[in-house]
Amino acid sequence: MSLSIMLSQLSVGMVRAVGIFALTLLFSLPLGMLVAFARMSKNGIIKNIARVYISVLRGTPLMLQLLVVYFAPFYLWHANIGGYRFAAVILGFTLNYAAYFAEIYRGGIQSVPQGQYEAAQVLGYSKSQTFFRIVLPQVVKNILPAVTNEVITLVKDTSLAFALAYQEVFTLAKQIAAAQTNFIPFVVAGIFYYVFNVLVAFVMERIEHKMDYYR
Amino acid sequence: MKILEINNSRKHFGDLEVLKDISLSVEKNQVVSIIGPSGSGKSTLLRCATLLETLDGGDLIYLGDYAAKADENGNAVYAAPEELKKIKMNFGLVFQNFNLFPHYSVLKNVMEAPVLVQKRNKDEVKEEAMELLRKMGLEDKADAYPFQLSGGQQQRVSIARALAMKPNILFFDEPTSALDPELTGEILKVIKDLAAEHMTMVIVTHEMAFARDVSDYIIFMDGGVIVEEGTPDQVINHPTQERTKLFLSRFKND
């Protein structure tokens, strides 16, 4: 197999890895906010559900979670899970990352001083105005370094879709390497993850820099 | 005309009674200072008056409108949220720690609430905001961010922010306590200027000389009760209560 054929096969997997990455962020960032609110709820039941959710999702391997998400419909209801593979990958990643993002959001929200809420309250801001105009912008700045960490981990975690035999770049690299007894696919995959993360770090640094206008 | 009236107010945190049957009223154009040791309840009184805390008992009235009204048992019953929102527009509060919004420029800090909450015309508000900043000696800081300012400048911005809402009464919660002594003077001067313009104000302060000079009326609180009240001359120069004398003796070096 020539290098160019190998690369073109692997590039399909790269696009899929980027797909997992982008869709996971798209869904888990907002879901994490909902979980964070649930976790901070005054309602004890909601709060404890969120607490257990976060604890389980952070306390068990993502690979195991992916298997559960994928195979549970079959074992529980004998459902046909034929066309469900990609959706299961995205669902599994989203549920897992939302738990991590929820805790980051919670820390960020709690680090905004009480005085900010009080100042807004006396000035007559509604609760939602206070949150979206006063609190959230400060939360975003506070949590950016922690979010960057998670996002970088996510780039590498996309390889765990291997567990569901989803043909992203790592799964393909392993298949090609085994079939061709060739080490090159692993090198290519490694370079892909590294370059991807250099880009992610660069973009996140730019965003952080943009927030530097205040302290 | 009474701007603020508080009758028989009570407040407790757990077992601790912080306010025990406190009554006071503030007339239009009057400057009232509340003095007293830490834990005397004076800040709690201010926080209850500005709706940051809720009273357990008593009335809280702004210009005849009841924010809270005592029922037959004396318990405070608060007005509906919409009514409270309207009543809130009567007062402004200047915090000890300024509590400026760090992600907003000075001008936006002053302008946003009048535009967003009071739905006033943006250009008019901007003109007034710039005028207020000029008055505070900060017109060249309009585009600066709070972290770039000294504590005294930040406190002047927060005064401008409160004034931009055109309150009928302005509360100050130890406005100089977070400032270096040399920055204290500039804030006290701003408050004196406001008094000269007949702004109605209630000031919780530890600055005895300032309270004596600026106030029409002084209230000395201790242990959740008003121990002594009257004109500055009565309370500061000729106190009748032992507790007041003892407290003031610690400030004799002012």
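**Salt bridges, chain contacts and aromatic pairs in a predicted two-chain model**

B:Glu128 is partly exposed, with 28% relative accessible area (under 20% is buried, over 50% exposed and in between partly exposed; 1.4 Å probe, protein chains only). The model is predicted, so local features need pLDDT of at least 70 and side-chain atom pairs pLDDT 80 or more, while totals for chains, interfaces and linings use all residues, and side-chain values use heavy atoms, without hydrogens and water. Residues count from 1 along each chain as its sequence is written, and chains are lettered from A and ligands numbered from 1 in the order in which they are written.

B:Glu128 makes a convenient starting point, since two salt bridges described here involve this residue. One is with B:Arg120, at 2.6 Å from N to O (a salt bridge is a side-chain nitrogen of Lys or Arg within 4 Å of a carboxyl oxygen of Asp or Glu). B:Arg120 is likewise partly exposed, at 21% relative accessibility. The other joins the side chains of B:Glu128 and B:Lys166, with N and O 3.3 Å apart. This second pair connects distant parts of chain B: B:Glu128 belongs to helix α4 (residues 122–135), whereas B:Lys166 sits in the loop between α5 (151–163) and β8 (169–173), and the two are 38 residues apart. Helices (H or I, at least four residues) and strands (E, at least two) are DSSP runs numbered from the N terminus. Elsewhere, A:Glu118, B:Arg47 and B:Glu53 are joined into one network by salt bridges that share partners.

Over all chains, the structure holds 17 salt bridges. One of them pairs B:Glu112 with A:Arg133, whose closest N and O atoms are 3.1 Å apart. Because B:Glu112 lies in helix α3 of chain B and A:Arg133 in helix α6 of chain A, this pair joins two chains. The partners contrast in their accessibility: B:Glu112 is buried, at 7% relative accessible area, whereas A:Arg133 is partly exposed, at 34%.

Attention now turns to the interface as a whole. Chain A brings 18 residues into contact with 25 residues of chain B (contact means heavy atoms within 4.5 Å). About 2,100 Å² is buried between chain A and chain B, and carbon and sulfur atoms give 61% of that area (the accessible area, 1.4 Å probe, that two parts lose on being put together, summed over both). On the chain A side, the residues that lose the most area to chain B are A:Val122, A:Leu123 and A:Tyr213, which together account for 30% of what that side buries. The count of salt bridges between chain A and chain B is two. In chain A, the elements that give two or more residues to the side touching chain B are α5 (114–122) and α6 (127–157). Of the elements on that side, α5 of chain A gives the most, with seven residues.

Within chain B, B:Ser105 occupies the loop between β7 (91–94) and α3 (106–116). B:Ser105 counts as buried, at 15% relative accessibility. Leaving aside residues up to four places away in sequence, B:Ser105 touches B:Ala142, B:Asp143, B:Ala144 and B:Tyr145.

Aromatic side chains offer a further view of the model. Over all chains there are 22 aromatic pairs (Phe, Tyr and Trp rings, the latter by its six-membered ring, with centres within 6.5 Å; planes under 30 degrees apart are stacked, over 60 edge-to-face and the rest tilted). The pair of A:Tyr97 and A:Tyr100 is tilted, because the ring centres are 6.3 Å apart and the planes stand at 45°. Both tyrosines lie in helix α4 (residues 85–110) of chain A, three residues apart, or about one turn of the helix. Here too the accessibility is uneven: A:Tyr97 is buried, at 2% relative accessible area, while A:Tyr100 is partly exposed, at 26%.

A:Tyr213 and A:Tyr214 form an edge-to-face pair, with 5.0 Å between centres and 65° between planes. A:Tyr213 is partly exposed, at 37% relative accessibility, and A:Tyr214 is buried, at 2%. Within chain A, A:Tyr70, A:Phe71, A:Phe74, A:Tyr75 and A:Tyr84 also come together as one aromatic cluster.
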